[in-house]
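Colleague: Please take a close look at one part of this model for me, the middle chain and how its neighbours pack against it. I would like one connected account.

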Amino acid sequence: MTETAADTTRTGDDVPTALEAAVTTTDHLRIGRAWIASGVLFLVASLVAGLLVSLERMDLSGMAVFGDADSLFRFWSAYRVGIVLLAVVPVVIGLATAVAPLQVGASSVVFPRAAAFGFWVWALGAAITVAGFLIDGGLGTPGGTSRTDAVALTLLGLLMVIGGICCATVCILTTIVVGRTAGMTLSRVPLFVWSVLVAGSIWLVTLPVLAANAVLIYVDLASRSAVAFGAEDTIWEQLSWAFSHPQVYAFALPLVGIAGDIVPVAARRRHGSHQALLVLTALLGVLSFGAYAQAAFDVGTPIREQAIFVVEAFLVVPLVLLVLFGLVDTLWRGAGSRRTRMPAPLYLSVLSVLFLLAGTVLGALRAVAPLDLLERSTTGAQFTFTIGAALLAAMAGTLWWGDLIVGRVAPQGFGLASALAVAVGVELVAVSDMISGFMGLADFTGGDLSGAGYPGSGVNVLNTVAFVGSVHLLIGALGWLVTGVVRFKGARSLGDTWGGHTLEWTTETVEVTSESPLLDAAVEVGA
Amino acid sequence: MLTTGFKLWFGFFVAAFSAAVFAGYTSGATETGPISLGWKGGVGNHVTYVLFVVAAAVFGLLGIVAVAFRDADSESVAEVLGVDTPPPAQTQVGSSIWPVLGALGVATLVVGLVVSSALFVVGLLILVAVSLEWTMTNWSERATGDPEVNSELRERLLRPVEIPILALAGIGVLVLAMSRVLLASSVNGAVLVAGAVGVCVFGAAFVFSRRPNISRRLVSTTLILSCVAVLVAGIVAAATGEREFHQQGGGSGGGHVEVDG
Amino acid sequence: MSSLTFAPAVPNRPRTLVIGSALATSGVLMFFGGLFALYFARRADAMAWGMEWFPEGAIRLPPGGMNMATMALSAITMMWAVYSVINDDRIHAYLAMTITAVMGVAMLNQTVFYFNDIALPIDHSEATTFLYVIVGAHMAMVLVGVLWLGLLLLRALGGQDTSRNRDLVSAAALYWYAAVAVYMVIWLGIYITK
């Protein structure tokens with residue numbers, strides 16, 4: 001459907017090369033593809049870091065992989081930052097950039113040049129961040145052995161990443177608000193669009209706070225022998241709220257929309273109450289505001305032992321349950337209909353909601369003070385469940401809307417197998433970390449496990465299970481990458497792949513490929 | 001009528017302010033502090049309270065904008081304009097180099113903050129240039145209803161400025177890069193490099209002049225690749241550093257400089 | 001002498017720029033919200049322990065007050081610009097935008113002068129680090145606003161700041177008002193309460 005037809009108005013030298021077109025594009029489908037492809041590549045890189053950390057955790061006595069605890073910490077933190085801000089969020093933004101305008105009946109994302117600018121700022125920032133981590137920088141270490149200039153570079157790269165994400169979010173949100181076609185009020189938009197509107201609103205009020213933290217650290221680091229905010233052993237503590245409960249829910253929020261759009265099409269039934277799902281998504285958004293949970297600035301009672309944190313942690317669970325109930329209800333009412341289909345993205349999207357539920361339950365358990373789980377590896381388990389849920393939903397989204405975004409068909413079976421590998425990986429890593437956490441394993445174990453009294457407790461076995469899970473995650477991510485590559489070589493899509501009822505399946509996409517800003521003839525993308 | 005956008009963001013406002021008050025009173029606030037923004041009494045945990053209050057203010061602002069514009073629904077926009085169908089939110093724009101150049105400017109600026117102030121200034125200059133170009137492109141697209149005229153307007157206004165500046169900057173960068181390469185090479189190596197580059201330039205010019213029908217793309221690709229090669233070589237050479245220079249003849253100002261190969 | 005006439009450009013959809021600006025400005029406000037939250041938390045902690053926050057006499061009210069007055073006046077001139085554009089009064093629009101930008105520059109100038117004058121090292125204490133980060137970030141915000149106004153003036157000279165394109169100025173105005181609001185918090189939170 002979205003195959004680019006030859007531009008009959010230009011020949012020879014006037015037609016931009018593929019590289020020129022990729023670099024200078026302002027087309028929302030191309031920008032969306034760039035976000036998704038880059039996100040998947042950074043996902044693979046992040047998972048390699050995670051795999052190495054898991055490998056090291058299997059036997060910490062010798063530090064055979066990293067050599068010292070600080071290097072281990074560097075990769076451990078790189079994994080968390082990478083999988084959220086360089087992988088999951090970018091893929092969601094890519095899906096939203098490509099699909100949301102079509103879902104609301106707009107021909108393009110609003111401010112397309114700014115959208116492209118957002119992508120490039122993010123991409124270069126991501127490269128700088130990764131470089132910072134690799135040259136002994138990162139976001140601080142317990143032992144303080146990092147290179148100061150490399151830490152500064154990492155922080156500045158992180159600022160660019162945040163800036164790029166916020167810029168893209170503004171473009172998408174403006175498109176959703178302003179670009180809607182006649183008759184489509186905000187209460188009628190598809191759930192994916194709504195979830196992006198809600199999640200984007202939360203990102204816009206929380207990521208700048210992370211930027212504020214990073215600026216403060218950077219200035220302190222650059223201006224003197226840092227003692228206040230730039231002290232190396234405190235940097236991660238100041239930033240870690242963004243990669244922990246409840247803020248991680250904000251990054252996973254669009255999964256409600258992805259599942260909410262896939263389920264009714266597969267079930268051939270409308271949601272029992274579209275409005276109820278809109279409200280639930282908004283409430284989830286409210287509860288995912290996590291910028292306040294800054295443990296590094298605790299005075300008196302720690303913030304994570306205060307009522308607001310505990311109440312928020314517990315309220316989120318029934319909301320996710322209600323979302324799940326709504327989706328299952330739609331599926332249930334559609335069951336038995338001969339028209340009901342069970343495509344791969346359906347399984348994945350429902351599974352992603354289940355993982356989110358597991359994440360929220362763990363989040364609630366972490367908030368129970370007597371269990372003393374806040375600094376345990378339960379934190380990692382909760383992170384893995386929640387971000388893993390977002391990852392699965394993103395995979396479901398690319399399988400669902402991929403035909404529309406690329407215009408070519410992907411092998412659904414292979415895509416499903418890759419996603420299932422990721423699901424198994426998430427399950428193994430999260431469950432083993434959860435049990436280890438209950439047994440007392442710290443979130444970051446640092447040095448020698450034997451020194452911390454773990455031998456014989458079974459933690460080593462669980463760490464081995466987590467390693468196997470990490471291998472699954474990496475295999476799944478590589479499979480996702482391959483699915484994408486194969487899609488570009490696949491057969492041309494025939495249009496409405498799933499018999500969807502939302503606007504994107506009825507809109508003819510237009511791709512602009514000319515190099516002149518003013519003289520382009522929009523190239524009709526042939527159906 | 002309260003619009004959906006207003007309900008969403010105003011709901012967020014209510015939730016955020018309620019959370020601020022709740023967090024305040026459950027973290028040691030006194031009197032009416034959390035309700036009066038700290039005017040009468042303490043607000044409890046400052047981080048939590050301030051962040052929730054600012055978030056509430058921001059959501060309140062968005063809610064007001066949403067309700068003032070009636071969610072910018074298509075129908076309300078049409079009513080404002082007095083037409084049946086409002087114009088699209090975004091007219092088609094073609095490819096543009098400014099986003100990627102702007103991002104490169106930001107990256108240069110950022111790396112410059114850590115590496116050198118000169119690089120920082122270069123990043124700043126790139127950003128200023130991109131801002132101007134971007135603005136002029138936007139302006140020209142809205143100048144008239146005729147895209148060809150708009151394009152011509154832009155060209156006439158900006159080309160006389162762009163071409164000399166770009167040429168000067170390009171020549172400057174290439175000269176700087178070549179000088180780094182020559183300074184990093186040994187004495188004989190520098191001669192060889194200079195000779196080889198000269199021969200390449202001459203050879204390419206000769207080939208191009210002999211074949212006037214050669215594809216423009218081939219010419220531009222060759223030039224771009226050559227410039228990139230020189231630039232990369234210059235960066236590598238600058239990172240390597242200059243070769244050692246020995247002053248011979250002692251005395252002040254008397255000796256000539258001999259370069260150690 | 002012949003004259004050429006061209007069809008006007010298709011009008012922009014109203015609201016687009018203003019909503020985009022509102023969203024972007026929200027992000028900027030939250031950035032400052034984050035800084036203020038940490039600032040007030042640390043300051044309250046220091047006060048509770050009876051520790052010195054800013055060195056005695058380092059923060060003086062008159063410069064902050066002058067800056068506040070300048071920013072407040074610039075908000076009025078910005079409103080004047082919006083009003084003029086809505087009424088297609090181009091001369092007043094140029095004037096109002098120029099005065100607003102000049103006031104922004106004046107505010108930057110006053111701040112730089114004041115900070116040179118007090119010569120308080122950034123690494124003197126946590127408080128001074130906060131001071132420089134918050135005031136510096138606000139200066140960057142104002143600088144962006146001044147540049148934005150400059151670019152708008154460029155477009156205005158090209159004839160585009162008319163009531164048909166009022167969103168161009170309204171969007172910038174929204175951002176400018178936010179800059180004034182942020183300064184108000186700086187003035188109250190840093191210069192007055194110290």
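Modeller: What follows deals with chain B and its contacts, and then with chain C.

This is a predicted model, in which local features need pLDDT of at least 70 and side-chain atom pairs count only at pLDDT 80 or more, while totals for chains, interfaces and linings use all residues. Residues are numbered from 1 along each chain as its sequence is written, chains are lettered from A and ligands numbered from 1 in the order in which they are written, and side-chain values use heavy atoms, with hydrogens and water left out.

Chain B is assigned domain 1 (4-81), domain 2 (98-142) and domain 3 (159-247 + 256-261); such bounds come from an automatic or database domain assignment. The centres of domain 1 and domain 2 of chain B, taken over C-alpha atoms, are 36 Å apart.

The largest nonpolar core contains 284 residues. A nonpolar core here is a set of buried Ala, Val, Leu, Ile, Met, Phe, Trp, Tyr and Cys residues joined through side-chain atoms within 4.5 Å, and buried means under 20% relative accessible area with a 1.4 Å probe, protein chains only. Trp122(A), Trp203(A), Trp401(A) and Trp9(B) have the most contacts inside this core. Helix H6 (residues 191-223) of chain A gives the most to this core, 24 residues; helices are DSSP runs of H or I with at least four residues, strands are runs of E with at least two, and both are numbered from the N terminus. Because domain 1 (4-81) and domain 2 (98-142) of chain B both give residues to this core, it lies between them.

Trp9(B) is in contact (heavy atoms within 4.5 Å) with residues that include Val177(A), Leu197(A), Phe59(B), Leu62(B) and Leu23(C), not counting residues up to four places away in sequence.

Towards chain A, 55 residues of chain B touch 69 residues of chain A. The two chains bury about 5100 Å² between them, 70% of it on carbon and sulfur atoms; buried area is the accessible area (1.4 Å probe) that two parts lose on being put together, summed over both. On the chain B side, Gln92(B), Ser95(B) and Arg217(B) lose the most area to chain A, together 12% of what that side buries. Two salt bridges are counted between chain B and chain A, a salt bridge being a side-chain nitrogen of Lys or Arg within 4 Å of a carboxyl oxygen of Asp or Glu. Asp73(B) forms a salt bridge with Arg180(A), with the closest N and O atoms 2.5 Å apart. H4(B) gives the most to the side of chain B that touches chain A, eleven residues.

Towards chain C, 34 residues of chain B are in contact with 32 residues of chain C. Chain C and chain B bury about 3000 Å² between them, 75% of it on carbon and sulfur atoms. In chain C, Arg13(C), Arg15(C) and Arg155(C) lose the most area to chain B, together 23% of what that side buries. The count of salt bridges between chain C and chain B is zero. H1(C) supplies the largest share of the side of chain C that touches chain B, 16 residues.

Chain C itself has five helices and zero strands. Of its 194 residues, 54% are buried. Ser74(C) lies in helix H2 (residues 61-86) of chain C, and it counts as buried because its relative accessibility is 0%.

Terms used. Buried means under 20% relative accessible area, exposed over 50%, partly exposed in between (1.4 Å probe, protein chains only).
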